[in-house]
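Morning, everyone. I have one structure to walk through today. Please have a look at it first, and then we will go through it piece by piece.

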Amino acid sequence: VPAVLDVNQALTDSLRMLQRLIGEDIELIWTPGAGIWPVKMDITQMGQVLANLAVNARDAIDGHGRIEIDTANVSIPPGQEQTSQENANSDWVRITFRDSGCGMDEATLTQIFEPFFTTKDGSKGTGLGLSSVYGIIKQNHGSIEASSQPGNGTTFIIHLPRSMQAAGALSNKQQT
């Protein structure tokens, strides 16, 4: 059920679960931005996005490494980011998820959101994690981009539209 979320609180609440997923050898660095705007999203979907990104990062890190997550408010001029009806002002909450993993080349990067695409062997992945992340972000009127280079880790930048409602307010309109 979509609700108006405090993104920083949702991420803080997920840290213990994420640390269990990634293990002791990977440092999890969480840097919440100040005064982050609320977003309208199902809290379960937020958890799915974070878990899928964390598992992929864990699998890309050989031994010790780090995952950094931070948030920021951004206002993007119209035309540079596709706006939805609910977000006419182009105000977005940006979640940045970086890992120190092996990285990807350009050919791999162009396919990562495709269903069933995986760089892992059959026993480790189905190729549905990042396509699920992509679908969830799009369903919530947001965008996701990835950048990476071999040997330099991967960065995912997620933009979710700012909700003009206060965090904790339920949305009856989107309960379909």
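**The sheet and its helices**

Start with one pair: Thr-31 has Asp-70 of β4 as its bridge partner. A second pair links the same strand, since Glu-27 is partnered by Arg-66 of β4. Six bridges in total join β2 to β4, residues 65-75, and the two strands run parallel. Strands count as paired if DSSP finds at least two bridges between them.

Before going on, a word on the source. This is a predicted model, where local features need pLDDT of at least 70 and side-chain atom pairs count only at pLDDT 80 or more, while totals for chains, interfaces and linings use all residues. Residues are numbered from 1 along each chain as its sequence is written, and side-chain values use heavy atoms, with hydrogens and water left out.

Now the overview. The chain has four helices and seven strands. Those are DSSP runs numbered from the N terminus: helices are H or I with at least four residues, strands are E with at least two. Reading from the N terminus, the order is β-α-β-β-α-β-β-α-α-β-β. The chain has 176 residues, and 45% of them count as buried. Buried means under 20% relative accessible area, with a 1.4 Å probe and protein chains only.

What about contacts? Take those with a separation of 6 or more: 74% of them join residues 24 or more positions apart. Contact here means heavy atoms within 4.5 Å.

Back to the sheet. Which order do its strands take? The order is β2-β4-β5-β7-β6, in an open sheet of five strands with mixed pairing. At the edges sit β2, residues 26-31, and β6, each pairing on one side only. From one strand to the next, the twist averages 15 degrees. Angles run from 0 to 180 degrees between N-to-C directions, and axes are lines fitted to C-alpha atoms, for helices over the stretch in contact.

Next to β2 we had β4. β4 also pairs with β5, antiparallel, through nine bridges. One example is Val-74, whose partner in β5 is Trp-92.

At the other end, β6 (143-148) and β7 (154-161) are antiparallel, with six bridges. Ser-148 is matched with Thr-154 of β7. The two strands form a hairpin with five residues between them, and Gly-151 in the turn has a positive phi of about 85 degrees.

Now the helices. α2 lies across β2, β4, β5 and β7, at about 25 degrees to β5. α4 lies across β6 and β7, at about 140 degrees to β6.

How do α2 and α4 meet? Their axes come within 9 Å and cross at roughly 150 degrees; α2 is residues 43-60, α4 is 129-139. The contact includes Val-49 and Leu-53 of α2, and Val-133 and Ile-136 of α4. By class, the contact has six nonpolar, seven polar and no charged residues. Nonpolar covers Ala, Val, Leu, Ile, Met, Phe, Trp, Tyr, Cys and Pro; charged covers Asp, Glu, Lys and Arg; the others, Gly among them, are polar.

Last, α4 itself. Its buried residues are Gly-129, Leu-130, Ser-131, Val-133, Ile-136 and Ile-137. They pack against β3 (39-41), α2, β6 and β7. After α4 comes His-141, with a positive phi near 65 degrees.

Methods. Buried < 20%, exposed > 50% of the residue type's maximum accessible area, 1.4 Å probe, protein only.
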